[in-house]
Amino acid sequence: MSQVAFKAPEFQEMNDTHGFIPRDPADLFDEYMEKSKLPELHGVSQHVVTALVNRIGHSSLDIANVARDLNLSKRTLQRHLKHQSTSFSEIRDQVRKHYAVDYLLMQNRRIDDIYTALDFSDRTSLTNAFRRWMGLSPSAFRKLFRDYV
């Protein structure tokens with residue numbers, strides 16, 4: 001079994017004369033906000049983003065339901081996305097990341113509400129995904145950046 005290494009956010013950068021210096025938290029915040037933007041896609045990929053956004057908070061975010069929303073079979077949707085060099089899970093991750101950050105910082109929603117709205121099976125699944133996306137747990141991310149919104 002391979003182990004996954006989580007990359008912590010870079011709060012310091014190298015300075016040739018003085019070693020490490022702290023990074024400006026406002027710059028780091030801007031980088032995270034840029035990283036969490038909704039993807040700007042075209043064609044079927046953009047239709048998937050729209051369908052996912054319409055489902056957030058009230059419907060399942062699984063591929064079968066999104067394909068049905070688009071009047072496609074699951075397999076046809078997968079083929080279209082592969083032709084555009086992406087996958088359903090990649091797009092869904094990008095949409096979830098955007099809304100997770102929005103719900104944490106802008107709307108100050110509880111983590112239990114967020115995992116439900118974003119159709120994660122449990123709180124741990126959200127926390128693991130958020131760490132993969134941002135290098136921090138949702139609660140640590142909120143504490144670090146709540147003063148910048």
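In the predicted model, D69 forms a salt bridge with R55, and the closest N and O atoms of the two side chains lie 2.6 Å apart. This pair links distant parts of the chain, since D69 belongs to helix α3 (residues 63–69) and R55 to helix α2 (residues 44–55), with their positions 14 residues apart in the numbering. The two partners fall into separate classes of accessibility: D69 has a relative accessibility of 38% and therefore counts as partly exposed, whereas R55, at 11%, counts as buried, the limit for a buried residue being under 20% relative accessible area.

The count of salt bridges comes to five, and the pair of D69 and R55 is one of them. Another joins the side chains of R123 and D112, with a distance of 3.1 Å from N to O. Here too distant parts of the chain are linked, as R123 is in helix α7 (residues 123–134) and D112 is in helix α6 (residues 111–117), eleven residues apart. Both ends of this bridge are partly exposed, R123 with a relative accessible area of 41% and D112 with one of 31%. A further salt bridge is made by the side chains of K37 and E34, at 3.2 Å from N to O, and K37 is partly exposed, its relative accessible area being 48%.

These pairs are set within a protein of eight helices and two strands. From the N terminus on, the two strands come before the helices, in the order β-β-α-α-α-α-α-α-α-α. Of the 149 residues in the protein, 36% are buried. Among the contacts between residues at least 6 apart in sequence, 56% join residues at least 24 apart.

Helix α1 (residues 25–35) and helix α5 (residues 88–106) provide an example of packing between helices, for their axes come within 9 Å and cross at roughly 135 degrees. That angle is over 115 degrees but not over 145 degrees, and α1 and α5 are therefore oblique to each other. On the side of α1 the contact is made by F29, M33 and K35, which meet K97, V101, L105 and M106 in α5. The residues of this contact divide into five nonpolar and two charged, with no polar residue among them.

In soluble globular proteins, nonpolar side chains tend to be buried together. In this model, the largest nonpolar core has 38 residues, and those with the most contacts inside this core are V48 and F141. At least two residues of the core are supplied by each of α1, α2, α3, α4 (74–83), α5, α6, α7 and α8 (138–145), while the most is given by α5, with nine residues. When residues up to four places away in sequence are not counted, F141 touches Y32, M33, V101, L104, L105, F130, M134 and L136. Among these neighbours of F141, M33, V101 and L105 also take part in the contact of α1 with α5.

A more local view is offered by T127, which is found in helix α7. T127 has a relative accessible area of 15% and is therefore buried. Leaving aside residues up to four places away in sequence, T127 touches S137 and P138.

Note on methods. Residues are numbered from 1 along each chain as its sequence is written. This is a predicted model: local features need pLDDT of at least 70, side-chain atom pairs count only at pLDDT 80 or more; totals for chains, interfaces and linings use all residues. Side-chain values use heavy atoms; hydrogens and water are left out. Axes are lines fitted to C-alpha atoms, for helices over the stretch in contact, and angles run from 0 to 180 degrees between N-to-C directions. Helices (H or I, at least four residues) and strands (E, at least two) are DSSP runs, numbered from the N terminus. Angles under 35 degrees count as roughly parallel, over 145 as roughly antiparallel, 65 to 115 as roughly perpendicular and the rest as oblique. Contact means heavy atoms within 4.5 Å. Ala, Val, Leu, Ile, Met, Phe, Trp, Tyr, Cys and Pro count as nonpolar, Asp, Glu, Lys and Arg as charged, and the others, Gly among them, as polar. A salt bridge is a side-chain nitrogen of Lys or Arg within 4 Å of a carboxyl oxygen of Asp or Glu. Buried means under 20% relative accessible area, exposed over 50%, partly exposed in between (1.4 Å probe, protein chains only). A nonpolar core is a set of buried Ala, Val, Leu, Ile, Met, Phe, Trp, Tyr and Cys residues joined through side-chain atoms within 4.5 Å.
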